[in-house]
Amino acid sequence: MMPKPALRPPPPSSSQSPLLRDYATIFTVWALQKLVILALSLTANYSYDTSTTILFDTNSANDWSHLRWLTERYTRWDTLYFTELSRRGNVWEQEWAFGRGWWRLVGVVAEGISPPLTGILLSHLSHLGAVFMLHNLTQSLQFSQQQALLTSLLHALSPAGIFLAAGYTESLFAFLSFAGMLLYTKRTWWADFLAAVVWGYSGTVRSTGIFYAGFWAWKGVVEPVFTLGLGQKGGLVLGRVVWYALLGIIVLAGFGWTQWEAYQTYCPGRPWCDERLPMIYNFVQSHYWDVGFLRYWTLNQVPMWILAGPMLVLSALSTMYYAKYATRKVEVDLELVPFVVLQAFLILAAVTTMHVQIWTRVSSASIPTYWYAADVVLKSLRREVHDDQGSVEGKRTRSRPVVRERHVTDELKPDSKPEVYRRTRSGHVGRRELVGEKRGRGQGVNWGKVIVGFFVGYSWVQALLYSRFLPPA
C-alpha cells in the first residue's frame, strides 16, 4: 500500500538539512547510551578487587577526590595503569605496554582536576568526535546517507561500551584512525601528510596504529598498477614511491620513538636489548602479559573465545563481504581494498596472538565491521517495509541498493524482475541483489534486530561487570 501523499509539502528550512538531522540523531543516541552506561555503573556498591580504592586513597592529596563516586567506578583494569602513569610516568618495565600517547595527553590536560576524571572526559569527547568522523568518512567513500547514519549510530552503541567511556585508549584511537582515513580519502598531498601525522600519533596510543603504514604501501605501489599501468615513466614512479615511503615512515615514527626511548633507558642490561630487533614492546607483552602466538588456544580460555565470538564472526563476515565487493569482476574498488586488507590482518592477529576477548573493543576502530552491521540493519528495515507494503497487495516493490548507493531509475531495465542495480564510477550498471523473492512475512531471522540487540545488550551487561571489577576486560 502506497503512503498517502502529503496535502501540503513542508516549507523548506536550511536548519533541517539532512546532515544536521543526522548529527542531531547521532548525538542523541550517543548521549543516551553514555547515560545508560553511567547509570548501570553507579549500581556497583562493591568491587571484586580493591586496587582502585588503594590507588585513590594513596593519591587523596593529589586532587583525586573530585567526583570520586563516579571516577572510581570507571577506574578498573588497565585504567589503573593509565591514571597512575599520567601522574608519574614510566617506572616499571611492564608499564611500557601502555600507550604513552594516551596517558601523556591525560597528564597534560589534568591540571586542577584528577587524572581519572580527565581520562573519562577525554574518552567521551574522543568517542563523540569518532562517530561524527565515521559518518563523514562513510559518505566520502560514496556510501548512502542512510548507511552513513546507521554506521555511526551502531558505533555509538558499540559493544565496546564502557571502554569507550572510561579512561581507555579505544576512543582516542578510533578518533585518530577515522580522522586519518578521512584525510586519506581527500587525495591531496597536504591531506596525505596530515593523515600520516595523525596515524603516527595513533601509534603512540595503540601499537596497531603502525599498520596504517600499509595504506601508503597500497597507494604508492599497488594502486598505480591499476590506475596508470606498468608503462608510466620511471621518474614519476620513483617520486611516487619515495613520497609514500616517507609518509609510511612518519606513521611508524610514533611507535618507533617509544621503542627508542625504552632502549636508551634500559639498554644494555635487559634480555631484549640483544635481540635482532630490540623492542621493549614485544618483550613486555610476551614476558609480563603472556601475549604470543597461539597462547590463547587453551581450554582455560574457551569462555574468552565465546565472548569474542559474535564480534569475530561479524568482522569475518564483513571482511569477506567487502572483499568480494571491492574485487568484483567489473572493476576493483581501489578505495575499499586497503580497509578490507587491514581488517583481515587484524582479525588474523586477534585470533592467533592477542588476548582474544579484547577484539570486541579493539574492533571499534575497524570500520568494515560497522559498515557491514549497518548494511544488515538497513536491509532488514527495508525488508520489513517491503513485507508491510508489498505483501498486502501481492505486489513486489523496488528497493534502492544499500552498498555505495547511486540513484538508478527504473528505465535502466524495464519489465524485469525487481532487481536492485548499482552504478559504479565508470557508469557500469550491475545486478546487486534480488528483493522480495522467496520472502514472506515472518520468514527467516531478522539479523538487523539481532545485531542491534547484541550491541546494546552486551554493552549494558559489560558496564555492570566492569564497574564491579569483573571480566571481560
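This note goes through a predicted model, point by point, from one charged-residue neighbourhood to a helix, a pocket and a loop residue.

1. A good place to begin is E170, which lies in helix α8, the helix that runs over residues 170-184. Its relative accessibility is 2%, and because buried means under 20% relative accessible area, E170 counts as buried.

2. What do the side chains of E170 and R206 share? They are joined by a polar contact of 2.8 Å, and a further polar contact, of 2.9 Å, joins the side chain of E170 to that of R361. If residues up to four places away in sequence are set aside, E170 touches F163, L164, R206, R361, V362 and S364, so that both arginines just named appear again in this list of contacts.

3. Helix α17, made up of the 20 residues 447-466, allows a simple check of its length. At 1.5 Å a residue the helix should span 28 Å, and its end C-alpha atoms are 27 Å apart, which agrees with that expectation. At the N-terminal end of α17 the cap is N446, which has a side-chain oxygen 3.2 Å from the backbone nitrogen of G448.

4. Which residues of α17 are buried? They are G448, I451, F455, V456, Y458, S459, Q462, A463 and Y466. Because these residues cover an arc of only 160° around the axis, they are placed on the same side of α17. It may help to recall that an α-helix has 3.6 residues a turn, so residues three or four places apart point the same way.

5. The largest pocket has a volume of about 1,300 Å³, and 48 residues line it, with R206, Y281, Q285, V291 and I358 lying nearest its centre. The elements that give two or more residues to this lining are α4 (79-88), α9 (189-205), α11 (234-266), α12 (280-287), α14 (337-352) and α15 (359-362). The largest share, four residues, comes from α12. R206 deserves a second look, since the residue that lies among those nearest the centre of the pocket is also the partner of E170 in the 2.8 Å polar contact.

6. Is S366, which sits in the loop between α15 and α16 (367-393), buried or exposed? With a relative accessible area of 4%, S366 is buried, because the cut-off for that word is under 20%. Once its neighbours within four places in sequence are left aside, S366 is in contact with Q343 and W359.

Notes: Residues are numbered from 1 along each chain as its sequence is written. This is a predicted model: local features need pLDDT of at least 70, side-chain atom pairs count only at pLDDT 80 or more; totals for chains, interfaces and linings use all residues. Side-chain values use heavy atoms; hydrogens and water are left out. Buried means under 20% relative accessible area, exposed over 50%, partly exposed in between (1.4 Å probe, protein chains only). A polar contact is a pair of N or O atoms within 3.5 Å; within protein, one must be able to donate a hydrogen and the other to accept it, and residues adjacent in sequence count only if both atoms are side-chain atoms. Contact means heavy atoms within 4.5 Å. The expected span of a helix is 1.5 Å times one less than its number of residues. The arc is that of the directions from the helix axis to the C-beta atoms. On a 1 Å grid over the protein atoms alone, a cavity is a set of points where a 1.4 Å probe fits but cannot get out, and a pocket is an open set with protein on both sides within 12 Å along at least five of seven lines; lining residues have an atom within 4 Å of a point. Grid points are joined across faces, edges and corners, and a volume is the space filled by probe spheres set on the points.
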